[in-house]
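Trainee: I'd like to go through this one slowly, please. Can we set each label against its rule as we go?

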Amino acid sequence: KLEGMVYPGRPRSTGKLDKRSFTVSGTGVFESYFEPISEFRKGDKSCERLPIITMSYDQLRGMHLYSPWAVRTWQYLAMPPQNFVAENQTLHQWFDPMRRKAHEIVKKYYRFHPEIIASVDKI
């Protein structure tokens, strides 16, 4: 159990949630261009005592829709009104803080493979 954690609650839904599965084949574009985000490796003995947290679809959706710190790519209809564009706000102004937050995340965690950087430096 995590102490001191706050979760915004289950999302209010007027209809049934539609969960979908899909299969991705191949090696993945992310690994082709970027270094791993974290040092975690599956089977790493140093991680055996760390808690593993799994979240339901409703919990993930609730965090995304209701958390003030979530980065959103558009206005989801299920979002609470306080997360929508305000009357005196343009869509650009609504997106700006999310774009800035997303930029900080990408800047902090995403790193190109060194050989890609070396290739770019040669151009």
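Mentor: Sure, let's start with a rule: a residue is buried under 20% relative accessible area, exposed over 50%, and partly exposed in between, using a 1.4 Å probe and protein chains only. By that rule, buried residues make up 15% of the 123 residues in this chain. Bear in mind that this is a predicted model, where local features need pLDDT of at least 70, side-chain atom pairs count only at pLDDT 80 or more, and totals for chains, interfaces and linings use all residues. Residues are numbered from 1 along each chain as its sequence is written, and side-chain values use heavy atoms, leaving out hydrogens and water.

Trainee: What makes the pattern of this chain α-α-α-α?

Mentor: Helices (H or I, at least four residues) and strands (E, at least two) are DSSP runs, numbered from the N terminus. The chain comes to four helices and zero strands, and reading along the sequence gives α-α-α-α.

Trainee: Why is Arg 100 called exposed?

Mentor: Its relative accessible area is 54%, and the cut-off is over 50%, so Arg 100 is exposed. Asp 96 has 26%, which falls in between the two limits, so Asp 96 counts as partly exposed.

Trainee: How do you know that Asp 96 forms a salt bridge with Arg 100?

Mentor: The rule asks for a side-chain nitrogen of Lys or Arg within 4 Å of a carboxyl oxygen of Asp or Glu. For Asp 96 and Arg 100, the closest N and O atoms are 2.8 Å apart, so the pair passes. Both residues lie in helix H3, four residues apart, about one turn of the helix. The count for the structure comes to one salt bridge.

Trainee: Which residues make up the largest nonpolar core, and what makes them a core?

Mentor: There are seven: Leu 65, Tyr 66, Tyr 76, Met 79, Trp 94, Phe 95 and Met 98. Helix H2 (57-66) and helix H3 (91-109) each supply at least two of them, with the largest share, three residues, coming from H3. A nonpolar core is a set of buried Ala, Val, Leu, Ile, Met, Phe, Trp, Tyr and Cys residues joined through side-chain atoms within 4.5 Å. In soluble globular proteins, nonpolar side chains tend to be buried together.

Trainee: What does Phe 95 touch?

Mentor: Not counting residues up to four places away in sequence, Phe 95 touches Arg 72, Thr 73 and Trp 74. A contact here means heavy atoms within 4.5 Å.

Trainee: Why is the pair of Phe 30 and Tyr 110 called edge-to-face?

Mentor: Rings of Phe, Tyr and Trp (its six-membered ring) pair if their centres lie within 6.5 Å; planes under 30 degrees apart are stacked, over 60 edge-to-face, and the rest tilted. A search of the whole structure finds five aromatic pairs. Phe 30 and Tyr 110 sit 5.4 Å apart, centre to centre, with 85 degrees between the planes, so they are a pair and edge-to-face. Phe 30 is in helix H1 (residues 29-33) and Tyr 110 in the loop between H3 and helix H4 (114-122), so the pair ties together parts 80 residues apart in sequence.

Trainee: Are those two buried or partly exposed?

Mentor: Phe 30 has 31% relative accessibility, so Phe 30 counts as partly exposed. Tyr 110, at 33%, counts as partly exposed as well.
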